[in-house]
Every structure is written in C-alpha cells, then in structure tokens.
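Please walk me through this structure step by step, as you would for someone who has not looked at it before. I would like to understand how its helices and strands are placed against one another and what lies inside.

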Amino acid sequence: MRERLSMDKDWQFHLGDAVLLNDNSHDAVYGNAKAGGSRGAASIEWNDNEWETVQLPHDWSYKQPFDRENGVADFGYNTRGMGWYRKKFKLDPADNGKQLLLEFDGIATHATVYFNGSILERNFCGYTSFVIDVTDRAYFGDRPNLLVVKVDATVSEGWWYEGAGIYRHVWLTKKAPVHIADRGVWVNPIKQSDAKWLTNVETTIKNESEEITAYQLISRVEDANGEIVAEQSTEGTSEAGQSVVVKQDLPIEHPALWDVDDPTLYKLHSIVTINGQEVDSVVTNYGYRTIRICPDTGFYLNERPLKIKGTCNHQDHAGVGVALPDGIQEYRIGRLKEMGSNAYRCAHHNPTPELLDACDRLGMLVMDENRNFDSSREGLLQLENMVTRDRNHPSVVFYSLFNEEPLQGTSIGRKMVKRMMRAVRKLDSTRPILGAMNGGVMEDEGTVDVTDIAGFNYMNGGYDKFKEKHPNQPIIGSETVSSFATRSNYISDTEQQVFESYDREKASWGNTVRESWKAINTRDFVMGTFVWTGFDYRGEPTPYEWPSVSTHFGILDTCGFAKDPYYLYQAFWLDEPVLLIVAHWNWRGKEGQTVKVMTHTNCDEVALYLNDVFVDRQTIDIYEQHEWDVVYEPGTLKMEGYKDGQLVKVSEITTTDEAHTLRIETQKPFLLGDGRDAMAVNIYAVDAEGRFVPTNQSKVSFSMNGSGQILGVGNGNPNCHEPDNAMERSLFNGCCQLIVQSKVGQEDIELTVQGEGLQSVSYVIPVNAAEEMPFVPSISERYINNWLVTQEPTAERPNPNVTIHPTDMNSWEKVDVSFGALQMLRGVNGYVIYRNRIPMSAQEKSSNPYIWFHSISGDIEIYIDGKLHLKKFIPWSVDLEVPLQGVELDDQVTISVLIGIKPDMYSPGINGSVSIRMK
C-alpha cells in the first residue's frame, strides 16, 4: 500500500558553501566521475556533526541581519548566498521493490539534489514543485541513505523577497510496483444539464514490475457528508515498464456546487487492485463548478455573474520569511475573505500546494501564475509542472503565463505564447489563459489577442480604447492600484518614510483605491481586479529604500493587521453595512488644531458627532467618500451611517489613556498537538479600560511553556530592523504578532507577554491531542562506508601500511562496506587489507571518539596512522567498538584493517556500515 511520509524533520544545515580541501589526485578525480562517487558534502563520509539541525520549511535569508552594504533593496536587504542540507535516513527492507519518490514542493532558488552520492536532479526554478524517482538508488535495512541538497540563492528570479533554502515541504512516497502515477489523476467534471454532471476522470496506471499485469481500477466519488454517490470499475492490463491512461465517466445528479460562498468539495477515491487485493490508492479533492468569460459582461461562476475582487500577493509573512506553516496560509486567505475578496493572484509564481488547498476550502478563486516566460524545453517543463500539479483544484480558474514581459507586444512574444498555450491546453483546456501586461496591448503582432483574456496591469485609461479595437476580447485588471498607506498612520513623513491613510498616496504608475475600483466596477466588460497588493511583503520598498525593508502597497501589513484601506474594500465588496472612521483620536498636544477625518463606508449618508455634539451630515458618493477637518478635543468622535434614511451602522473612536497592559488574540481557539499546526497570535496595547492604544510603541518580550514554540515575531513596520527570529519585538502603532507552532504533545501552552512599563499578561492556548504526521526519522551518525580493499587476497601476510599509488585502480577496489560481506572472501585462506582516510574535526577529537564497526569478522589488526591499535580474533560477524582515546589524532586519520581469513569463516571482512561516534 502507498505511504506518504514527511521528510521535514531534522536536516543538517550549513550556511555558505561546504568547501572541500583541494584534492586533484587521480584517485579523487577518478572516484568523483563514478556513480555514487560525489565528494565533499554530498558524500556519506562528510562530517556534518557541527552543522545546525533545522526543520522544514526553512528559510535562512530572513534570519540574516539587514545589510545596507551587501544586501539588495528589492530583496529586503537580507543577504542570501548558498547553503547545504543533509538528511541521513534508513528504509525498511520491506520497501525493497517499491517505487520510491522524493517530492520537493519548493526550493529557493537553484538546487542540486544528490542521493547516495549521485546528482539525481537539478532544479532551476524556486517556485516549481518537482519529483525525483530514487527507486534504483535506495538502500535498505541497516544501510543509511543520504539525501543532500545544495541550494544556490545567489541567483534570483524576481525583484521581491524570495527567501533562500528548502522553504516548502519535502515528502517520501512509497508505492507498489503497479500503481497510480505521480499526478496521475485528472478529474474534470462536465455539466450536462442543470441536474446532471459527468465526472470525467483520467487515471494513469504505471507498471514498474517486470511482467504484464492485470489490474482493476475502482473510482469512487465521496460527497461532503462522506457518502459514496458514484462508482465505476475498469479492468485492464499493463505491459511491464509501461503506463496506461484509463478514462472513466461517473455520472452524478444534483451535486452541491463549489462556489466562493459555499465551497463544497468532493473526494475521488482511486483504488488499484490486483487479483482482488488493493495495491494502491489515491484521494483527490475536487469540486463541481463551471466558469465562463464574456467580453461584454465579464466572469461567470456557475452561470452567475461575479465581479472578480482580487488581490495580488507574494508568499512571505512576518516572522517566518517564505517558510510559512500551513496554518498561516489559511490565516492569510481568511483575512482576505473577511475583507470581501474572492480572488487571489499568485504573484508572480506558482504557489505552495497548501495555499491552494486553503483556497479550495475557503472559497477563493485563484490566478495561478507561471514564473518564467520561457518556451524552451526547461520553460515548458516548468509550465507543465504547474498545470499537472494544480489542475484538480476548483479554486484555480485562470492560468497566467507571464507578468510584464518586454516581449509581450512583439512577434517573438506572440510565438512564445502560442507554444506555451499549446503546452497548457494539451494538459488542461478548461481554464482561460492570459498574460499580465503593462504595455503592448494595442500592438497587432503582440501576445494580447492570442490569449483568452487581456490582462491589464494598471493602464486604467486604456480599457475603453482597447475594447473599441478588440470588442471580442475579455479584459481583466490583472494588477491594479499600487497605492501607499502605513497602518494607523495619518500624516505622511518622508523623513520617517511613512504614509497617511486617506487614499491619496500612490505610485506614479498607479491609482488610488477609489479611482481604480470606479474604473473597473462601472465597466461590465472589465471582469474585475487584482489589487497590488493584499499583504505588504519584504523587499521592493517602493518608493523608498533604506531604511525601509518592506513595501507600503499592502491592504494589510506583513502580519495581516488591517490598514484603513481594508475597510474601504469592505465598503466596496461587502453587502453588509460598513463604516470606518479613518483616523485615531489620540492627538495629545494638538488640542485646538484640525485633524483630518474620513469615511470608508457604503452607507448613503453619514452624520458626524464630537463628544455627542452634532458636527455635520453628508450624502456619501461611494467612489469619493467624504473628509472633514475636525478641531481636535479629547473624547469620542462618532459617525452614524444611514441607508434609505435608516440608521444601520455606528462607529466610534475614543481618546484613550496611556497603555496599561496587553491584549492577546489568537487566530483560532486551539492548536493540534501534531508538531505542525500553527497560528498567528496578535498582541495589542490597551489602556486600563481595555481600549486599544494605537500610538503605543513599547518593546514587548515573550516566554512560553507547554507543547509549543515561537517560530518568529513581527510588527508590520516597513522600517523596522529588529530580528524576526527573536523572543521580543517592539509594538508598531500598538500591535505586534507571534507565529506559534505546536510541539508534539498535548500540554496546553502558557504564553506570557511583558512590555516596557506595562502590566504583564498570560494567556493559555489549548493544545488538543492529535496524531503526528508519519515521517522519516533522521540518523545523526557519521558514516565512513567507502573503503579501499585489496582486490586479490594474499596468501602471505602483507604490510598493512603499504603505500597505495594514487593511480592504482586495479590492485585496490573501492567498496561500500554497508552492502555486506564480499563473496570473493568466502573460502579464502589468506589476508586482505581495508584502507580509509577520514577527516576528524576538533570537536570529534576532543569528545572521546570511537570507531563502530556494525559487523566485522576475521583475525583482525587495526592500525591508526600506521600504528597497531587493536588486535583481535573474531570468528563470527559481530559489532566492534574501537575506542580512540589516547591516540594522537591528526586532522586526517588513516585507518588500515588487516584481516586474516580462514576457509571455514562464513562472512569474513567488514560486513556492514562503519561509523565515527562520540561518547
């Protein structure tokens, strides 16, 4: 049966290149050219005992200090560089004969993957998930496997913070020889009438056995209540080493539709049996829904017109860089849904799978975007990878091929797009394709009229002109707005590099929120918008640079705290009454001076009161809103919102006292004690009456007990240089955030928060018992398994310290002793020599090291750097500990093992792994 195991636990990590001493000897060069012969950090002998142990997902870049001199503004001034990851693990002998796949969800940026000393994959995109078949190269039983990843983050693919490292999950999948292929299930529900649907399923069955095999494929549809509502069985045969695609149509009546307001998911159970025995199964989540685009009336979901109310987003978050726990993906999508957003553009890259899972569950449409505009073999592989991984997600409704490419308006770009569209449609013809264009839309030989949708990045003034020229081409605002705001700040200050919040500040190429939404919402033929951006993100600190380290574009800051425009979008996008007073009322020292106050509302009229004294009442144009200059006096500012003359909403802001203590709010009521679940914990400064104090900037420290840990901290300040991997953080305008992850266990978490001059507060986060996800444990031993052994036993006792000529590849044979006993030694009457030369670190030499032979037998003499260290007769294979205390050890130690053999010895020699251990 199939197993899918997490590979996230306990990797050894080294920041920087793992430099090997220069060795250009024939032996080194010859050995490196052989399968399994990679040297240095990719070899089993490499000493990683002093490397850092890390858990995945892992991003090393955000943990580096901000560096104005060596950092890059677009990357947030965090340095990147190179890094190495190593994981040693064992596989059960019962796994021998199974197909073994390693799946990497994402590595930033270029990656070289070694498995047991050989390069098995090179990946050239930091956003592409990829799979490696390691079946032929795996070891089983006591023999360790070594997985090594060299990450080169000196290269970049974007102009934003991309992170560095294995920042998404890694998996090991074990399958029977006859199985469903990787990404081998494609579910495409087809509507036949209002009542009837056909669940079209294509399943690829792969036969990795050595004989033709008869199989049965059973496909079952399970609804949201766990009921089986459709089933079909197909029998067939598969040739050895071949794949077969099985097509099935499962009818279903009146399915519950997947919609943004009610995202009902179904499960397809795909089961392969041989002779009545189940050998493989896969569960695929999918949904029943239709999408349609019209050049005149826009986008339709389930034949209902739906204005796209989307945001563009990169993938980093405060406290964790791009290494987001799955729970934070859900938090971010939830924050956008609460705003009224119904669509998410993955800018400008393929997202992590867990983000799409969250969009499926929560009802968020997705524009799935390809990173590299490239029609070469590599470029098409990246594009195809995106489609085959994501095409079962009902949330994915658009494929975007590129973003703002110089070739977008040229004949070259046109040819590239045509080839790329053919590659997509070969795999999925159900979703419209576009490119996000910042120009070239009026060029006759460009890309715009080749794609299904014209993607407009900004260019608000061009909608009508384009519609006139291309009346049959649908249009979407693929990227819009680019306005600036700083959370809870109401005075722009170029020295402080902060912005006001009155929807006036914008990039030179952009528009205000109100300008952009009016241009889109008043044109039925523009199907919607993707606002730049939902969340602030690291890097690209436009329009400033140092000390700004993140952007000012976001509707929410990097923590997900709402800026004022969040409520303006609610006013535009929600049906319920919305009324926000754009201001705070803590202006100590400004008594008698005017303070600008603004509405963010969808009410028809708003009345304004100061300390219960009527100030004014105004009719509200939703695309304009209204501003007042109010003379400040402490107390309460109140707005009343009216619709059709009826009071529907009241909003107040009050002058608070000084901050007294802190309030803690959690994203959800509890954590699962599985060691993976995570949540955002928000900290707010409040006065003695519990009122939020938006002007407090106190430094806050944290401590925690129980089954949890703090992964990182943030505060949403685009100019803050405090470290994210810390146990303290300054509040920014009254707020900061912790990312808390559970440990395996069920002890409730007690979080204590203390602030400068503030009363400390404790908060209990319940931890509910949950099974830990199955995982592959790591091994910490250092192995020295590659030995030279004399190719022919000698009848006479040889010199155990004989010199080996560096070009001698014939008198001596390189063997991996973990494979077990050498058959050539059975029945021999004579001697063999094993030789190895290993580096020893200062830590190892000072920690009572010993050599551990997992299995050895014979008349044994062990020499360390030419000196006899141990002599022992062992007639039967046993393990052997060889202490090195008292031996003067150099940085390089030569070990020679002379073994005398008698014909009656069953398995003489070194018959298993050898490791260096420390007491």
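In this predicted model, helix α4, which spans residues 377-390, and helix α5 have axes that come within 10 Å and cross at roughly 30°. Angles under 35 degrees count as roughly parallel, and α4 and α5 are therefore roughly parallel to each other. The crossing in which α4 passes α5 is right-handed. On the α4 side the residues that take part are Leu380, Leu383, Glu384, Val387 and Thr388, and they meet Arg419, Met420, Ala423, Val424 and Leu427 of α5.

A second pair of helices can be read in the same manner. Helix α7 (residues 513-521) packs with helix α8 (residues 565-573) at an angle of about 20°, and their axes are 11 Å apart; that angle makes α7 roughly parallel to α8. The crossing of α7 and α8 is right-handed. Here Val513, Arg514 and Trp517 of α7 meet a set of α8 residues made up of Pro565, Leu568, Tyr569, Phe572 and Trp573. The buried residues of α7 are Val513, Arg514, Ser516, Trp517, Ala519 and Ile520, and what they pack against includes, besides α8, the helix α6 (463-469) and the strands β21 (308-313), β27 (475-481), β28 (526-532) and β30 (594-601).

Tyr569, one of the α8 residues met by α7, also leads to the interior of the model. Once its neighbours within four places in sequence are left aside, Tyr569 is in contact with Met339, Val481, Val513, Val531, Ile555 and Leu574. The largest nonpolar core has 54 residues, and Tyr569 is among those with the most contacts inside it, together with Leu401, Tyr463 and Ile475. Helix α5 (residues 411-427) supplies the largest share of this core, namely six residues. Another core lies apart from it and has 35 residues, including Ala343, Val397, Ile453 and Ile476. In soluble globular proteins, nonpolar side chains tend to be buried together.

We turn next to the strands. Strand β6 (residues 110-115) is mostly covered, since five of its six residues are buried, and it has two pairing partners to follow. With strand β9 (residues 145-152), β6 pairs in the antiparallel sense over six bridges, and within this pairing the bridge partner of His110 is Asp152 in β9. With strand β7 (residues 118-123), β6 is joined by five bridges, and these two strands also run antiparallel; Phe115 stands opposite Ser118 in β7. The hairpin of β6 and β7 has two residues between its strands, and there Asn116 takes a positive phi near 50°.

Another group of strands forms an open sheet of three, in the order β11-β12-β15, with antiparallel pairing. Its edge strands, β11 (178-191) and β15 (243-253), each pair on one side only. On average, and with direction ignored, neighbouring strands of this sheet are turned by 20° against each other. Strand β12 (residues 196-207) pairs with β15 in the antiparallel sense over eleven bridges, and Thr199 stands opposite Leu250 in β15.

Technical notes
Residues numbered from 1 in each chain as written. Predicted model: local features only at pLDDT ≥ 70, side-chain atom pairs only at ≥ 80, totals over all residues. Heavy atoms only, no water. Core = buried A, V, L, I, M, F, W, Y, C linked by side-chain atoms within 4.5 Å. Buried < 20%, exposed > 50% of the residue type's maximum accessible area, 1.4 Å probe, protein only. Helix = DSSP H or I, 4+ residues; strand = E, 2+ residues; numbered from the N terminus. Contact = heavy atoms within 4.5 Å. Pairing = 2+ DSSP bridges. Axes fitted to C-alpha atoms, helices over the stretch in contact; angles between N-to-C directions. Parallel < 35°, antiparallel > 145°, perpendicular 65-115°, else oblique. Left-handed = near helix turned anticlockwise from the far one by under 90°.
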